[in-house]
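Visitor: Could you take me through one part of this model up close? I would like to see how a pair of neighbouring elements is arranged and what sits along them.

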Amino acid sequence: MVNGVTPDPMRADQLRQIADQMSADSLQSQKANAPKFEEMLTKLIEDVDTKQKQADESIKQLAAGKETSIQDVVMKLEEADMTFHLMKEIRDKLVAAYKEVMSMSS
């Protein structure tokens, strides 16, 4: 009861049903819009590969004497290293989660 007003139980039940339906609809739309795990993992691997190739290309350009500064080469190498380490950490977490799930079923 709020300020002497008694809530109508029928109305409260209808509001609860509407809220539940909105929550379910929202969850379904989030699932529909969310990328698949496989797609996310594939994109991460492609990003790592792209960064590695860019770093390799910048090293080749520097060795060939083309217009590439050492700072750009080092920056690309660091980006490639960071993306690789990120992917490695994600892999390690996935393996740990898999092992935990497998130990639960035993």
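Guide: Helix 2 passes helix 3 in a left-handed crossing. Please keep in mind that this is a predicted model. Two packed helices are described by the angle between their axes and the distance between the axes. Here the axes of helix 2, residues 37–64, and helix 3 come within 9 Å, and they cross at roughly 155°. Angles over 145 degrees count as roughly antiparallel, so helix 2 and helix 3 are roughly antiparallel to each other.

Now let us follow helix 3, which covers residues 70–105. V73 belongs to this helix. With a relative accessible area of 5%, V73 is buried, because buried means under 20%. Its C-alpha atom is separated by 8.9 Å from that of D56, although V73 and D56 are 17 residues apart along the chain.

Further along, L86 also lies in helix 3, and here the picture changes. L86 has 47% relative accessibility and therefore counts as partly exposed, since that class runs between the 20% limit for buried and the 50% limit for exposed.

L86 is also one of the residues in a nonpolar surface patch. Together, F37, L86, I90 and L94 make this patch, which is about 350 Å² in area. The element that gives the most to the patch is helix 3, with three residues. So in helix 3 you can look at both a buried residue, V73, and a partly exposed one, L86.

Terms used
Residues are numbered from 1 along each chain as its sequence is written. This is a predicted model: local features need pLDDT of at least 70, side-chain atom pairs count only at pLDDT 80 or more; totals for chains, interfaces and linings use all residues. Side-chain values use heavy atoms; hydrogens and water are left out. Patches are made of residues with over 30% relative accessible area and no salt bridge: like charges are joined within 9 Å, nonpolar side chains (Val, Leu, Ile, Met, Phe, Trp, Tyr) within 5 Å. Accessible areas come from the Shrake-Rupley method with a 1.4 Å probe; for residues, only the protein chains shown count as cover. A salt bridge is a side-chain nitrogen of Lys or Arg within 4 Å of a carboxyl oxygen of Asp or Glu. Helices (H or I, at least four residues) and strands (E, at least two) are DSSP runs, numbered from the N terminus. Buried means under 20% relative accessible area, exposed over 50%, partly exposed in between (1.4 Å probe, protein chains only). Axes are lines fitted to C-alpha atoms, for helices over the stretch in contact, and angles run from 0 to 180 degrees between N-to-C directions. Angles under 35 degrees count as roughly parallel, over 145 as roughly antiparallel, 65 to 115 as roughly perpendicular and the rest as oblique. A crossing is left-handed if the near helix is turned anticlockwise from the far one by less than a right angle, and right-handed if clockwise.
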